[in-house]
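Q: Please take one helix of this model and look at it closely. Which of its residues are hidden, and what do they pack against?

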Amino acid sequence: MGGGRLALTTDSFVVTPLFFRGGDIGKLAVSGTVNDLAVSGARPLYLTVGFILEEGLPLAALERVVASLAATARQAGVTVVAGDTKVVGRGQADGLFINTTGLGVIPPDRDLGYHRIRPGDAVVISGYVGDHGLAVLAERKELGILEAPESDCAPLAGIILPLLEEFPGIRLLRDPTRGGVATTLKEIAVAAKVDVWLEEEVIPVRPQCRALAEMLGLDPLYLANEGKFLAVVEADQASALVEAVRTHPLGEAAAVIGRVQAGEGRVLLRTAYGGTRRLEMLAGAPLPRIC
């Protein structure tokens, strides 16, 4: 391992439906696990995969999921080294659940953590927010919306690891999955004992995503993302970081969306109308079974 530290993560995926615009449960399982490792600064290496199948799951559906999982693993540069399969009775697993464990290695000189965050740091998002949550919802409810967004589900190690080499001013990385950008930034603010100020007008949201969210009474800032990362970075490296992210197909809408200030764990949003809105962690589950 070249003297590096091991990084280990495990996750379970229970999304419904199994297939949605831009992805499926197999692609999601690999991407989610690889991304957890990548935002910790680790190079993902190996995965284990466990399947829980509901009696009656069509073989064609399983084959499609496995093929997608394998293709995503190849794209992410990881090897599936072990696996297991169990079958349960009808009504006990909603088709298919997947559990993954990922192993990676963190270089010995890499230090990402809440303790590194300082007032004055910038907050960067790697692209549009809310796509995954709305893609799953549109598919689940069969809304028939022709312009419904596609999930952003994708493995991010290929974009994150070169950035960590190029930009030593990156303090912390997180993937804003459950609870979206708002909940993730609230967790960061509380853990680092700082305030985070966001600018609503510069947060990238696709027009169709914003329109659909408004129609359904949802806030894109609280919707899950499965192919985006948040970075807290030294202010003088923020613009260069954004430009570097935008050169990658997964980061073309990257933007500086806020700043860190001295404080006590608040996240505050300057709205497009000139007001200030306080963001808290997601309460309840307005959109369950998305990952």
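A: Here is a close look at one helix, followed by a short look at a sheet elsewhere in the chain.

The model is a predicted one. Start with the length of helix H7, residues 235-246. It has 12 residues, and at 1.5 Å a residue they should span 16 Å. The C-alpha atoms at its ends are 18 Å apart, which agrees.

Now the sides. Buried means under 20% relative accessible area. In H7, the residues Gln237, Ala238, Leu241, Val242, Ala244 and Val245 are buried. They cover an arc of only 160° around the axis, so they sit on the same side of H7. An α-helix has 3.6 residues a turn, so residues three or four places apart point the same way. The face of H7 turned away from the buried side carries Asp236 and Ser239, which are exposed.

What does the buried side meet? The buried residues of H7 pack against helix H4 (157-166) and four strands: S7 (122-125), S8 (170-174), S10 (230-233) and S11 (255-262).

Next, the sheet. Four strands form an open sheet in the order S1-S6-S4-S5, with mixed pairing. Strands S1 (5-13) and S5 (79-88) are its edges, and each pairs on one side only. From one strand to the next, the twist averages 15°. S1 and S6 (residues 96-106) run antiparallel, joined by 9 bridges. One bridge partner is Asn99 in S6, which pairs with Ser12.

Helices meet this sheet too. Helix H1 (residues 25-39) lies across S1, S4 (43-54) and S6, at about 30° to S6. Helix H2 (residues 59-76) touches S4, S5 and S6, and its direction makes about 175° with that of S4.

How values were computed:
Residues are numbered from 1 along each chain as its sequence is written. This is a predicted model: local features need pLDDT of at least 70, side-chain atom pairs count only at pLDDT 80 or more; totals for chains, interfaces and linings use all residues. Side-chain values use heavy atoms; hydrogens and water are left out. Two strands pair if DSSP finds at least two bridges between them. Helices (H or I, at least four residues) and strands (E, at least two) are DSSP runs, numbered from the N terminus. Axes are lines fitted to C-alpha atoms, for helices over the stretch in contact, and angles run from 0 to 180 degrees between N-to-C directions. Contact means heavy atoms within 4.5 Å. The expected span of a helix is 1.5 Å times one less than its number of residues. Buried means under 20% relative accessible area, exposed over 50%, partly exposed in between (1.4 Å probe, protein chains only). The arc is that of the directions from the helix axis to the C-beta atoms.
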